[in-house]
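User: I have a model open and would like to go through a few residues and the core with you. Can we start once it is on screen?

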Amino acid sequence: MKELLLEMGRTVRVRKDLEVGEAYYNEDYTDYEIFTEDMVQARGKEFLILALDPNGVVLDYTECVFTYEMLER
């Protein structure tokens, strides 16, 4: 599996197979975020990383934090 580089300004794609209510972990598997209804419309689409967060990234879609596991590699 190829490595995903998380850095501001990079474009990433949100995975299509994410399930509402499921926990998805950050890059070092120490914490997680729950995939919510607010995130559903992002599945399968590309977004720009606006900010880095200890648990993942904030995309130019919503203020929700998307974790490493929520993004395609």
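Analyst: What follows takes up two single residues and the nonpolar core, and please keep in mind that this is a predicted model.

User: OK, where does Leu50 sit?
Analyst: Leu50 belongs to strand 4, which covers residues 46-53.

User: And is Leu50 buried, partly exposed or exposed?
Analyst: Leu50 has a relative accessible area of 44%, and because that value falls between the 20% and 50% cut-offs, Leu50 counts as partly exposed.

User: Which residues further along the chain does Leu50 touch?
Analyst: Setting aside residues up to four places away in sequence, Leu50 is in contact with Met8, Val58, Leu59 and Asp60. Of the pair Leu50 and Met8, the C-alpha atoms are 5.6 Å apart, although 42 residues separate the two in sequence.

User: Switching to the core, how many residues does the largest nonpolar one have?
Analyst: That core has 16 residues, and those with the most contacts inside it include Leu59 and Phe66. Strand 4 and strand 5 (56-59) each contribute at least two residues to this core.

User: What does Phe66 touch?
Analyst: Beyond four places in sequence, the contacts of Phe66 include Val14, Phe35, Leu59 and Leu71, and these four are likewise listed with the most contacts inside the core.

User: Last one, where is Lys45, and what is around it?
Analyst: Lys45 is in the loop between strand 3 (32-34) and strand 4, where it is partly exposed at 41% relative accessibility. Apart from its neighbours within four places in sequence, Lys45 contacts Val12, Arg13 and Val14, whereas the C-alpha atoms of Lys45 and Gly9 are 16 Å apart.

Notes
Residues numbered from 1 in each chain as written. Predicted model: local features only at pLDDT ≥ 70, side-chain atom pairs only at ≥ 80, totals over all residues. Heavy atoms only, no water. Helix = DSSP H or I, 4+ residues; strand = E, 2+ residues; numbered from the N terminus. Buried < 20%, exposed > 50% of the residue type's maximum accessible area, 1.4 Å probe, protein only. Contact = heavy atoms within 4.5 Å. Core = buried A, V, L, I, M, F, W, Y, C linked by side-chain atoms within 4.5 Å.
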